[in-house]
Each structure stands twice: as C-alpha cells, then as structure tokens.
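Here is a short set of exercises to work through with the model open beside you. Try each task before reading its solution.

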Amino acid sequence: MAQEDVFKKLVSHCKEYGFIFPSSEIYDGLGAVYDYGQMGVELKNNIKKYWWDSMVLLNENIVGIDSAIFMHPTIWKASGHVDAFNDPLIDNRDSKKRYRADVLIEDQLAKYDEKINKEVAKAAKRFKEAFDEEQFRATNPRILENQAKREALHARFAKALNDNNLEELRQIILDEEIVCPISGTRNWTDVRQFNLMFSTEMGSTSDGAMKVYLRPETAQGIFVNYLNVQKTGRMKIPFGIAQIGKAFRNEIVARQFIFRVREFEQMEMQFFVRPGSELEWFAKWKETRLKWHKALGFGDANYRYHDHDKLAHYANAATDIEFQMPFGFKEVEGIHSRTNFDLSQHESYSGKNIKYFDPELNESYTPYIIETSIGVDRMFLSIISASYCEEKLENGETRVVLKLPAALAPVKLAVMPLVKKDGLPEKARQIIDDLKFHFHYQYDEKDSIGKRYRRQDAIGTPYCITIDHQTLEDNCVTIRHRDTMEQERVAITDLKNIIADKVSITSLLKKLL
Ligand code: GAP
C-alpha cells in the first residue's frame, strides 16, 4: 500500500477510535487545530510521563516548572521573536495558495533523494546478492548527476537562508521549476517574511490594553525563572529545568495532520552550563535524547540526526532528531546550543542582574544553555504511525493493530468474561476490583471474543484477559498477547506482577541507564 494511503487510513483510525478529532468539527473545523479524544489523551499523558520522568527522576540535577503562557511582552522583544521569528512565505497567483518558500525547496531536495533511492532500489532488485550498493552509488551516472544537482541546490539554499536573501529563495524556486501542486503553474509572487506569533490584548479598556503574545515556545518561561529556581532549589551548575506546556504558532502552511499545528505542546529542558563547556554538553544531550527515542523499540534505522543549515539567531550548534514518518524523515526534536544569548538579552532588557555565582570558581557569569525541545504532538504522530499495522491472518481476515509500546498504551488490559452468564461477569468484576488501582482497563462482555480482541487491537491494548468456566474452578485465566496473539493460562494471583512488569514507564526508563 502506498505510504500516502497508509497515512490517510491512520488519520481516520485516530478519529474512529477516539484518539484525535478535528477541533470544532460541528462548525466545519478550525485550520490546523486538533482535539485529543479519550484514547488520545491517555497516550499523550503517557508520552509526557515518559519524558518527564526521564528528566526529573533520572537526573538529580534537573527539576521541573510550570510557567504561565502569558508573559511580559518585552520578553519576546528581548528573545528576538518579535523581530526575527519569521517564515518566508510565497503565494501562487493562480491557485491563490500560500506556501513556505523554504519548505518548497526542501521538498525539491527530497525529490532528488527519492530519485536516487529509487535508482538504488531498482538495481538492488536486478542484481540481487551480487549488488554492491556503495560502488553503485559511486559510479552510476544518473545517481552522480542527481547527487551533484542536489548538492548544488543544497549549498545555494543554505546560503540564501543564512543571508536572509528572500529574492534568492524566489529565484531558486524559479530555477528549479517548482510548480504549485494545485494550479501546476510557476506564477509565483515575491517572497515575504511572516511573523508566526499570535497576539492578543490584556487589560479591560482598549486604551489601557497591552499587546501580549501567546508563547511560541515554553523555553522563555524557564529562562526568566532560572535564578528563582537556582536560588530556591540550591542548584549548582550544571543543572537543568524541564517544562511541558502549550505553545502557539500561526503557521503559514499547516499540513500533515498533527505534524504542524497552530496550537501544540512542547516538552523542553534547558540545561545551564559553564561558558566554554557547552559543546561538550551539546554532544552529551544529543546522544541522551536519541537513546530516549530508540528505547521505544521502533527500530534504530527509523531515526537520524539532521544538523541545521541555518542556525537560529540564538544558537552556536543545532541538530534535529528526525523520525521516518509515512511522509519521509521529519523533525521530531531539536537540540540547540543556545549560548548565553537569551539570558544576556533578558539581563539587558530587564536591567536586572541575573548572573549566576559559581561558588567553585568564586565568580559570577551568565550561564550557557543547551536546550532539548520536543513536540508532544509530533512525538504522538511518530509513535502512532510506527505502531499502526494491518496484518493478514491465517483465516484470511485482516486485523488492524496498534503495536504501541506497552508502557505508552492508553489501555493496559481488557477483562472479558467468555459469556455473559454463569457467574463469569461477576468473576471478571472481582479481578477488576483488584487490578483497577494499578492499570487503566476496559471491561467488555459484548460480541464474540474474536470481535472483542479486534476492538482492543485497534486501540493497542497489550493484554486481554478471558474468564471462562474453568476459571471458576482453578482461579486461572487466559492472557492473550496483542502482538503475537499467543495465549497462556496464568493464575489470577500472578496477573498483577506479569502485567506490571511490562506496562510500567519504569520498564522504559531502565533502558536509559
Ligand atoms: N525552544 C526551541 C524551539 O521551540 P523548534 O525547533 O521551533 O524549537 C521544537 O520547536 C519542537 O517543537 C519541534 O521539534 C517540534 O517537535 C515542535 N513543534 C514546533 N512547531 C510545531 C508545530 N507547528 N506543530 C507541532 N509541533 C511543533
């Protein structure tokens, strides 16, 4: 099945099973805003817990905060967001559609990659075992030609971004003959900058009202509080502050479901270090964060680093962790060495001394900062798309199963009496009374057992427990494993331990040590 079709199915699956609904649906929706349903919120909470615990439980020197969304507007002037948090936009005059100029060019780069990969796949199929991919890539004329075009485009694009050269971005789009996917024409306007921050007014009268912004990142709430936390928590450098919270961006082109939305959640950790040690910490956090992703077990080949061509105004090193989504490798997390830019700016704009006194060096300085920043919604999308499977069964039927990591699954177990009589429902309720304090469960007695299994597969429940007539005699139940569909007979008294071991966030955290 084409990846596009898989993606469409995934989107409708998310709606059908209560993971994600379009916002304000009965009013025909609101562009690039989504609501999380009864299953979605559980999965999202589990993702957040995995991240939070990996930061604040596993690191003695990392603590959390929860700062307000509204902040003093000067913060956004100081941080550079008022002047520089822009995306280059371009319109197609025929379709009247708006695009991000940089994304059009990135898509063009991906097309060259696709051409190259197709050529390699074709040759691998033709030559079978005798195929030497490295040699083929180094010598095939069509690959070399596309590779050279890609490299030239990449160099030109990176330079245009770094020089902030909007005319050159437009020229690249024209030279590469990039067409509007809707009108198919190259009738492009000039490229203009567009600020992504939402604003509103705070105050009761229109004269006295103050323009405030909906934060486009949670990071600034950490920076302006870092000294409060450091002093009250008696923190010593190096230390980190973690935060999970909503962020808002008026994205020009919001696409690909929850990948790029206008209201989203971030999980950000700012790590404060001595000046000069930042690149060492940057390398450490790069590695630590990739390990966190890989521990989910989706396969190491699905991840890669992507170093930035254009560094943000605050960074001296930056990389993304990308994940293989159904629409290609895409950024899920950014790791940035933010220098002392933000703190220095806040010191200068606020007029307050916010330097850190280092008791070991007996001197004050402005700490440097390493940031790890990951979008909850993007992480959600990467997890759900990697978990979605359609499997052909021996009896010819197809089952749709979400192979979610058990620790993240919204429902951990389903309890099912084989029939709705003979005391089986009562026995099932007894089991639930014991387990409900530990696990999110569902009770299901409707339809055939096969149909009930399918319903649980569709929401990713790792364990189904069936109570049958024999259970009344031997106090044993059948436990059915989601991925293998294998069944085993276990004593009711062992259930809690068997399940707890597999579904706790601790099982994931242990992989990080
Ligand atoms: N504080 C740094 C920062 O905000 P960023 O690379 O702009 O850096 C970090 O964003 C992460 O936030 C991204 O890797 C992505 O996961 C998520 N994110 C950013 N914009 C988003 C959007 N419009 N929709 C969903 N997630 C977004």
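**Exercise 1. Place Met39 in the fold and describe its surroundings.**

Step 1. Met39 is part of helix H2, where helices (H or I, at least four residues) and strands (E, at least two) are DSSP runs numbered from the N terminus.

Step 2. Before going on, a word on the model: it is predicted, so local features need pLDDT of at least 70 and side-chain atom pairs count only at pLDDT 80 or more, while totals for chains, interfaces and linings use all residues. Residues are numbered from 1 along each chain as its sequence is written, and side-chain values use heavy atoms, with hydrogens and water left out.

Step 3. With a relative accessible area of 7%, Met39 is buried; buried means under 20%, exposed over 50%, and partly exposed in between (1.4 Å probe, protein chains only).

Step 4. Leaving aside residues up to four places away in sequence, Met39 touches Tyr17, Gly18, Phe19, Pro410, Val411, Gln442 and Ile459. Contact here means heavy atoms within 4.5 Å.

Step 5. Now pick Phe259, 220 residues from Met39 along the chain: their C-alpha atoms are separated by 18 Å.

**Exercise 2. Which residues of the largest nonpolar core touch the most other members?**

Step 1. Start with the term: a nonpolar core is a set of buried Ala, Val, Leu, Ile, Met, Phe, Trp, Tyr and Cys residues joined through side-chain atoms within 4.5 Å.

Step 2. The largest such core has 57 residues, and those touching the most other members are Phe19, Tyr50, Trp51, Phe380, Leu381, Ile384 and Leu408.

Step 3. Another core, of 19 residues, lies apart from the largest one, and its members include Ala406, Ile432, Val490 and Val503.

**Exercise 3. How many disulfides does the structure hold?**

Step 1. Apply the cut-off: a disulfide is a pair of cysteine sulfur atoms within 2.5 Å.

Step 2. The count is zero. For Cys14, the nearest cysteine sulfur is that of Cys389, 14 Å away.

Step 3. Check the burial of Cys14 too: its relative accessible area is 0%, so Cys14 is buried.

**Exercise 4. Which helix gives the largest share of the lining of the second largest pocket?**

Step 1. On a 1 Å grid over the protein atoms alone, a pocket is an open set of points where a 1.4 Å probe fits, with protein on both sides within 12 Å along at least five of seven lines; lining residues have an atom within 4 Å of a point.

Step 2. The lining of this pocket has 15 residues, and Ser54, Leu58, Asn59, Trp285 and Thr288 lie nearest the centre.

Step 3. Helix H2 (38-57) and helix H11 (278-294) each supply at least two lining residues. H11 gives the largest share, with seven.

**Exercise 5. Where do Asn164, Arg234 and Pro238 lie, and what is notable in their backbone?**

Step 1. Asn164 sits in the loop between helix H7 (141-162) and helix H8 (166-175). Its phi is positive, near 55°, and at 45% relative accessibility Asn164 is partly exposed.

Step 2. Arg234 belongs to the loop between H10 and S9. Its phi is also positive, about 50°, and with a relative accessible area of 75% Arg234 is exposed.

Step 3. Pro238 is in the loop between H10 and strand S9 (239-248), and the peptide bond from Ile237 to Pro238 is cis, with omega near 5°.

Step 4. For background, most residues other than glycine have a negative phi, and most peptide bonds are trans.
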